Structures are given as structure tokens and as C-alpha cells.
Amino acid sequence: MNASAIKSLLCVSALSTAIGCSKSDEKSCGEVATHVVRMLREELVKADSETQKMARANLPTLQNSMMKTCESQSWPQSSRQCILDAKT
């Protein structure tokens, strides 16, 4: 996964903060990162096999990076929930 794709995913969190989804029970950064990776896996079936292979190899790194970013930047619960509510 290239830097542009990672930046795009991080922009999702900023956008979700700006639009302000409704609040709910506290969600962990790990849950958020896992959900994003799950959605990416679902979308990867549409890609060619080489892209799938390259992207799948980078998913663990992306998941870890997203979780650490969420934690270090203290993403608000509204942003976390907004991402968890996203569907493919």
C-alpha cells in the first residue's frame, strides 16, 4: 500500500471529526484499525491479483500504524464510531 492510500485513510478520520457522527460506547483504536482493514480486504477482491498480493502484504503494517496514530492523536470517540459505522 502506498503513502497516498495511507494518507487517504487518515483523511477519513479527519473528515469524520469534521462531520461529527453520533456518540456511543467507547471504542478502542484497535477496533477502528481492525474494521478499516476488514473493509479494505473486502474491497481488494475487486483488484487484480498483483495488487491484492501487494496490498495484503501491507495490511498488518497499515493496521498497526492506524492504531498507533489513533492512540497518539487521541481520536475522539465520535470519529472512532463514525469509522466503525462505515461500510464498503
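Me: In what order do the elements of the protein chain run from the N terminus on?
Reply: This is a predicted model. The protein chain has 4 helices and 0 strands. Read from the N terminus on, its elements therefore run α-α-α-α.

Me: What is the mean pLDDT of the protein chain, and where does pLDDT stay under 50?
Reply: In the protein chain, 73% of the residues reach a pLDDT of 70 or more, and the mean is 83. Where pLDDT is low, the predicted coordinates should not be read in detail. That caution concerns a stretch with 7 contacts beyond four places in sequence in the model, where pLDDT stays under 50: residues 14–19.

Me: What share of the 88 residues in the protein chain is buried, and what share of the exposed area do carbon and sulfur atoms supply?
Reply: Of the 88 residues in the protein chain, buried ones make up 32%. The chain exposes about 5500 Å². Carbon and sulfur atoms supply a share of that area equal to 55%.

Me: Among contacts in the protein chain with a separation of 6 or more, what percentage comes from residues 24 or more positions apart?
Reply: The contacts counted here have a separation of 6 or more in the protein chain. Residues 24 or more positions apart account for a share of them that comes to 78%.

Me: Which helix gives the most to the largest nonpolar core?
Reply: The largest nonpolar core has 16 residues, and those with the most contacts inside it are Val32, Val36, Leu40, Leu59, Met66, Trp75 and Ile83. At least two residues of this core come from each of α2, α3 and α4. With 8 residues, the helix that gives the most is α2.

Me: Which cysteines form a disulfide, and how many residues apart in sequence are the parts that the pair ties together?
Reply: The count comes to 1 disulfide, formed by Cys29 and Cys70 with their sulfur atoms 2.1 Å apart. Cys29 lies in helix α2 (residues 29–44) and Cys70 in helix α3, so the pair ties together parts whose separation in sequence is 41 residues.

Me: Is the link of Cys29 and Cys70 left-handed or right-handed?
Reply: Cys29 and Cys70 are both buried. The angle about their S-S bond is -70°. With that value the link is left-handed.

Me: Which residue in the loop between α3 and α4 has a positive phi, and what is the value?
Reply: Most residues other than glycine have a negative phi, and most peptide bonds are trans. Ser74, in the loop between α3 (49–72) and α4 (77–85), has a positive one although it is not glycine. Ser74 counts as exposed because its relative accessibility is 54%, above the 50% cut-off. The residue is Ser74, with phi near 50°.

Me: Why is α4 largely enclosed by the rest of the structure, and which of its residues are buried?
Reply: The helix α4 has 9 residues, and 8 of them are buried, so α4 is largely enclosed by the rest of the structure. The buried residues of α4 are Gln77, Ser78, Ser79, Arg80, Gln81, Cys82, Ile83 and Leu84.

Me: Which backbone nitrogen does the side chain of Gln77 reach?
Reply: Gln77 is found in helix α4. Beyond its neighbours within four places in sequence, Gln77 is in contact with Asp25, Glu26 and Lys27. Gln77 and Lys27 are 50 residues apart in sequence, while their C-alpha atoms are 6.6 Å apart in space. At 2.5 Å, the side chain of Gln77 reaches the backbone nitrogen of Lys27.

Me: With which side chain does the side chain of Gln81 make a polar contact?
Reply: Gln81 lies in helix α4. Its relative accessible area is 11%, under the 20% cut-off, so Gln81 is buried. At 2.8 Å, the side chain of Gln81 makes a polar contact with that of Asp85.

Notes. Residues numbered from 1 in each chain as written. Predicted model: local features only at pLDDT ≥ 70, side-chain atom pairs only at ≥ 80, totals over all residues. Heavy atoms only, no water. Buried < 20%, exposed > 50% of the residue type's maximum accessible area, 1.4 Å probe, protein only. Contact = heavy atoms within 4.5 Å. Areas by Shrake-Rupley, 256 points an atom, 1.4 Å probe, with all protein chains shown as cover. Polar contact = N/O pair within 3.5 Å; in protein donor to acceptor, adjacent residues only side chain to side chain. Disulfide = S-S within 2.5 Å. Core = buried A, V, L, I, M, F, W, Y, C linked by side-chain atoms within 4.5 Å. pLDDT = per-residue confidence, 0-100.
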